[in-house]
Amino acid sequence: TMRYGFFSAAIGVMVLVSPAAAHHSHGLYQDAFTDVQGVVKEVHLLVPHSFVYIEVKPAKGGAPEVWALEATSRQGLERAGLTKDSLKVGDTVKARCHSLKDGSNGCLLGFLKINNGPAKDWDGGDLPAPADF
């Protein structure tokens, strides 16, 4: 019947739209990149986004701060050759990322260097690292 067809179509649209609506917005972050470095405290390779928590010593001195670095999904990182063994608690990292607009301690990762190794794209684009990083 016509009613059944409309109902089925409506359910289909909701199923297709729901995952897109659940995806996190990057509108919380600055457009420009910033560099931050510190020591890894936690690593969470998750879906839809992974997080790395690092302890950063502020340039102005004072107590160390914990920063939350948001990355692409676990699968996106695996496609780039990064696994749960690529980054460990205690590793020293340098990140080039988009900081949070509200000034809190967090950013959206672009590139990450682990223990002065090669820079890798942690945003899932598999882009080459900038020459100045």
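Student: How do the residues lining the largest pocket divide into nonpolar, polar and charged?

Tutor: Good place to start, and keep in mind that this is a predicted model. The lining of the largest pocket includes V39, P58 and W67, as well as Q37, G38, E55 and K57. Sorted by type, the lining residues come to five nonpolar, two polar and four charged.

Student: Which strand gives the most to the lining of the largest pocket?

Tutor: Three strands, β1, β2 (50-56) and β3 (65-71), each supply at least two residues of that lining. The pocket they help to line has a volume of about 240 Å³. With three residues, the strand that gives the most is β1.

Student: One of the lining residues is E65. Is E65 buried, partly exposed or exposed?

Tutor: E65 lies in strand β3, and it is among the residues that line the largest pocket. Its relative accessible area is 29%. Buried means under 20% and exposed means over 50%, so with 29% E65 is partly exposed.

Student: Which residues is E65 in contact with, leaving aside its neighbours within four places in sequence?

Tutor: Let's begin with I54, which is eleven residues from E65 along the chain, with 8.1 Å between their C-alpha atoms. I54 is on the contact list of E65. In full, the residues in contact with E65 are I54, E55, V56, P58 and N105.

Student: Now the whole chain, please. In what order do the elements run from the N terminus on?

Tutor: The chain has two helices and six strands. A helix comes at the start, followed by three strands, then another helix and three further strands. Written out, the order is α-β-β-β-α-β-β-β.

Student: Over which residues does pLDDT stay under 50?

Tutor: For the chain, the mean pLDDT is 85, and 81% of the residues reach 70 or more. One stretch stays under 50, and the model has one contact beyond four places in sequence for it. Where pLDDT is low, the predicted coordinates should not be read in detail. That stretch covers residues 4-23.

Student: How many residues apart in sequence are the parts that the salt bridge between R96 and D35 ties together?

Tutor: The side chains of R96 and D35 meet at 2.7 Å, N to O. R96 lies in strand β4 (residues 92-99) and D35 in strand β1 (residues 34-44), so the salt bridge ties together parts of the chain whose separation in sequence is 61 residues.

Student: Is R96 buried, partly exposed or exposed?

Tutor: The cut-off for buried is under 20% relative accessible area. R96 has 9% relative accessibility, so it falls under that cut-off. Its partner D35, at 37%, counts as partly exposed. R96, by contrast, counts as buried.

Student: Which residues are joined into one network by salt bridges that share partners?

Tutor: R96 also forms a salt bridge with D132, with the closest N and O atoms 2.7 Å apart. This pair links distant parts of the chain, since R96 is in strand β4 and D132 is in the segment after β6 (120-121), 36 residues away. R96 is a partner of D35 too. The residues joined into one network are D35, R96 and D132.

Student: How far apart are the closest N and O atoms of the salt bridge between D85 and K88?

Tutor: This pair is one of four salt bridges in the structure. K88 is partly exposed, with a relative accessible area of 41%. In the salt bridge with D85, the closest N and O atoms are separated by 3.7 Å.

Student: Which peptide bond is cis?

Tutor: Look in the loop between β1 and β2, where P48 has its place. The omega of the bond is near 10°. The cis peptide bond is the one from V47 to P48.

Student: Last one: what is the phi of D126, which is not a glycine?

Tutor: D126 is found in the segment after β6, and it is exposed, with a relative accessible area of 61%. D126 is also in contact with D121, a buried residue with a relative accessible area of 6%. The phi of D126 is positive, at about 55°.

Definitions and conventions:
Residues are numbered from 1 along each chain as its sequence is written. This is a predicted model: local features need pLDDT of at least 70, side-chain atom pairs count only at pLDDT 80 or more; totals for chains, interfaces and linings use all residues. Side-chain values use heavy atoms; hydrogens and water are left out. pLDDT is the predictor's confidence in each residue, from 0 to 100. Contact means heavy atoms within 4.5 Å. Helices (H or I, at least four residues) and strands (E, at least two) are DSSP runs, numbered from the N terminus. Buried means under 20% relative accessible area, exposed over 50%, partly exposed in between (1.4 Å probe, protein chains only). On a 1 Å grid over the protein atoms alone, a cavity is a set of points where a 1.4 Å probe fits but cannot get out, and a pocket is an open set with protein on both sides within 12 Å along at least five of seven lines; lining residues have an atom within 4 Å of a point. Grid points are joined across faces, edges and corners, and a volume is the space filled by probe spheres set on the points. Ala, Val, Leu, Ile, Met, Phe, Trp, Tyr, Cys and Pro count as nonpolar, Asp, Glu, Lys and Arg as charged, and the others, Gly among them, as polar.
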